[in-house]
Amino acid sequence: MRLCRYGKDGFEKPGMIDAEGKLRDLSRVVDNIGPNELSPRGLKMLSKVKPELLPVVANNPRLGVPYIGIGKFVAIGLNYSDHAREAGMPIPAEPIVFFKATSCISGPNDDIVQPRGSTKLDWELELGVVIGTKAQYVPVETALEHVAGYCVVNDVSERAFQMATGQWDKGKGFDTAGPIGPWLVTTDEIRDPQVLDMWLDLNGKRMQAGNTRTMIFSVAQIVSHVSQYMSLLPGDIITTGTPPGVGMGVKPSPVFLKPGDVLTLGIRGLGEQKQKVVAWSG
């Protein structure tokens with residue numbers, strides 16, 4: 001299934017994407033899409049819904065974050081070996097875990113607002129992993145059983161903020177730094193999360209092209225690792241690192257985002273995002 005939410009910010013309705021890519025209204029079936037709907041029981045109920053019997057949504061409305069109830073926005077740094085090299089950093093011996101503020105979350109096509117004082121605004125195309133059942137001390141072998149689905153994430157980053165100290169969080173958590181969507185795609189459609197092509201264009205120019213097979217730590221390893229240090233709860237999301245091609249890695253001179261720039265990015269089977277960069281207006 002491909003689940004989503006659509007409508008004006010704060011007034012989204014639940015939706016489902018059918019086999020032809022049409023948006024269908026799911027509001028007669030559920031009030032919203034959240035942790036309850038992403039549980040095994042909730043997903044089983046939704047899997048019985050026939051999309052072709054749902055009303056088609058007209059006029060191409062705004063798509064919001066695909067689901068509500070994100071308690072934790074966990075992120076993994078330097079999880080692609082070639083990205084670590086372009087960043088001039090050593091290959092990590094274990095996953096680098098940090099957090100993005102939940103207040104940074106935005107819809108997949110909402111504007112990216114360059115924060116006040118920003119000089120090095122950057123992009124990071126990533127695979128998002130959505131938790132469906134509580135994961136605590138889970139082994140790698142069963143870690144994917146706790147996953148409800150996958151989505152596209154843009155881990156928008158302000159490098160000057162990020163690199164100012166040893167903690168990355170303040171460069172990762174500003175408003176609009178976490179576009180998620182357009183859909184949440186359930187695991188029955190993504191059997192293997194380690195074979196997904198990924199791409200990102202800046203103003204029509206290809207900047208990132210990769211595949212999740214080159215992750216240093218697999219999705220299963222990441223879920224297992226994080227669960228050793230905190231309980232992962234239904235609705236929590238983990239964004240799993242970016243392939244090479246970020247702005248700060250461009251040689252000989254880094255390329256950073258500025259107002260008017262347009263990013264288009266996607267992952268095979270998970271849909272596409274499109275964001276315009278705008279200036280902070282106060």
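# Exercises on a predicted model

The side chains of Glu12 and Arg5 make a polar contact of 3.3 Å. Keep that pair in mind; the model here is a predicted one, and the exercises below walk you through parts of it.

## Exercise 1: Glu12 and its surroundings

Find where Glu12 sits, decide whether Glu12 is buried or exposed, and list its contacts.

*Solution.*

- Step 1: place the residue. Glu12 is in the loop that runs between strand S1 (2–6) and strand S2 (13–17).
- Step 2: check its accessibility. Buried means under 20% relative accessible area. Glu12 has 12% relative accessibility, so Glu12 counts as buried.
- Step 3: look at polar partners. Besides the contact with the side chain of Arg5 at 3.3 Å, the side chain of Glu12 has a polar contact of 2.9 Å with the side chain of Arg62.
- Step 4: add the other neighbours. Leaving out residues up to four places away in sequence, Glu12 touches Arg5, Tyr6, Gly7, Arg62 and Gly64.

## Exercise 2: Hunting for disulfides

How many disulfides does the structure have, and how far is Cys4 from the nearest cysteine sulfur?

*Solution.*

- Step 1: recall what you're after. A disulfide is a covalent bond between the sulfur atoms of two cysteines. The cut-off here is a pair of sulfur atoms within 2.5 Å.
- Step 2: search the lot. Across the whole structure, zero disulfides turn up.
- Step 3: take Cys4. Cys4 is in no disulfide, and the nearest cysteine sulfur belongs to Cys151, 12 Å away.
- Step 4: take Cys104. The closest cysteine sulfur to that of Cys104 is in Cys151, at 12 Å, so the two are too far apart for a bond.
- Step 5: check the accessibility of both. Cys4 is buried, with a relative accessible area of 0%, and Cys104 is buried with 0% as well.

## Exercise 3: What covers helix H5?

Work out how many residues of helix H5 (residues 219–227) are buried, and which strands help to cover them.

*Solution.*

- Step 1: count. Eight of the nine residues of H5 are buried, which leaves the helix mostly covered.
- Step 2: name them. The buried ones are Val219, Ala220, Ile222, Val223, Ser224, His225, Val226 and Ser227.
- Step 3: find the cover. Strands that touch the buried residues of H5 include S4 (73–77), S5 (96–99), S9 (125–131), S10 (147–154) and S16 (237–239).

## Exercise 4: Two pockets and a cavity

Describe the largest pocket, the second largest pocket and the largest cavity by volume and lining.

*Solution.*

- Step 1: start with the largest pocket. Its volume is about 260 Å³. Thirteen residues would be a lot to memorise, so just pick out those nearest the centre of the 13 that line this pocket: Asn60, Pro61, Leu63, Asn109 and Trp183. By class, the lining has seven nonpolar, four polar and two charged residues.- Step 2: move to the second largest pocket. Its volume is about 180 Å³. It is lined by 16 residues, and those closest to its centre are Pro40, Leu43, Ala148, Thr186 and Thr187. Helix H2 (40–47) and S10 are the elements that give two or more residues to this lining, with H2 giving the most, four residues. The classes come out as six nonpolar, seven polar and three charged.
- Step 3: finish with the cavity. The structure holds one cavity of 30 Å³ or more, and the largest cavity has a volume of about 100 Å³. Of its 17 lining residues, Leu78, His83, Glu124, Trp168 and Lys172 are the closest to the centre. S4 and helix H4 (159–162) each give two or more residues to the lining of the largest cavity. That lining has seven nonpolar, five polar and five charged residues.

## Exercise 5: Two residues in one loop

Decide for Asp261 and for Lys251 whether each is buried or exposed, and find a polar partner for each.

*Solution.*

- Step 1: place them. Asp261 lies in the loop between S16 and strand S17 (262–267), and Lys251 lies in the loop between S16 and S17.
- Step 2: compare with the cut-offs. Buried is under 20% relative accessible area and exposed is over 50%. Asp261 has 4%, so Asp261 is buried. Lys251 has 60%, so Lys251 counts as exposed.
- Step 3: find the polar partners. The side chain of Asp261 reaches the backbone nitrogen of Lys258 at 2.9 Å. For Lys251, a polar atom of the side chain lies 3.2 Å from the backbone oxygen of Gly249.
- Step 4: look further around Asp261. Not counting residues up to four places away in sequence, Asp261 touches Leu202, Asn203, Phe256, Gln275, Lys276 and Val277.
- Step 5: look across from Lys251. The C-alpha atoms of Lys251 and Arg28 are separated by 52 Å, and the two residues are 223 residues apart along the chain.

Methods
Residues numbered from 1 in each chain as written. Predicted model: local features only at pLDDT ≥ 70, side-chain atom pairs only at ≥ 80, totals over all residues. Heavy atoms only, no water. Buried < 20%, exposed > 50% of the residue type's maximum accessible area, 1.4 Å probe, protein only. Contact = heavy atoms within 4.5 Å. Polar contact = N/O pair within 3.5 Å; in protein donor to acceptor, adjacent residues only side chain to side chain. 1 Å grid on protein atoms, 1.4 Å probe; cavity = no way out; pocket = protein on both sides within 12 Å on 5 of 7 lines; lining within 4 Å. Points joined across faces, edges and corners; volume = space filled by probe spheres on them. Nonpolar A, V, L, I, M, F, W, Y, C, P; charged D, E, K, R; others polar.
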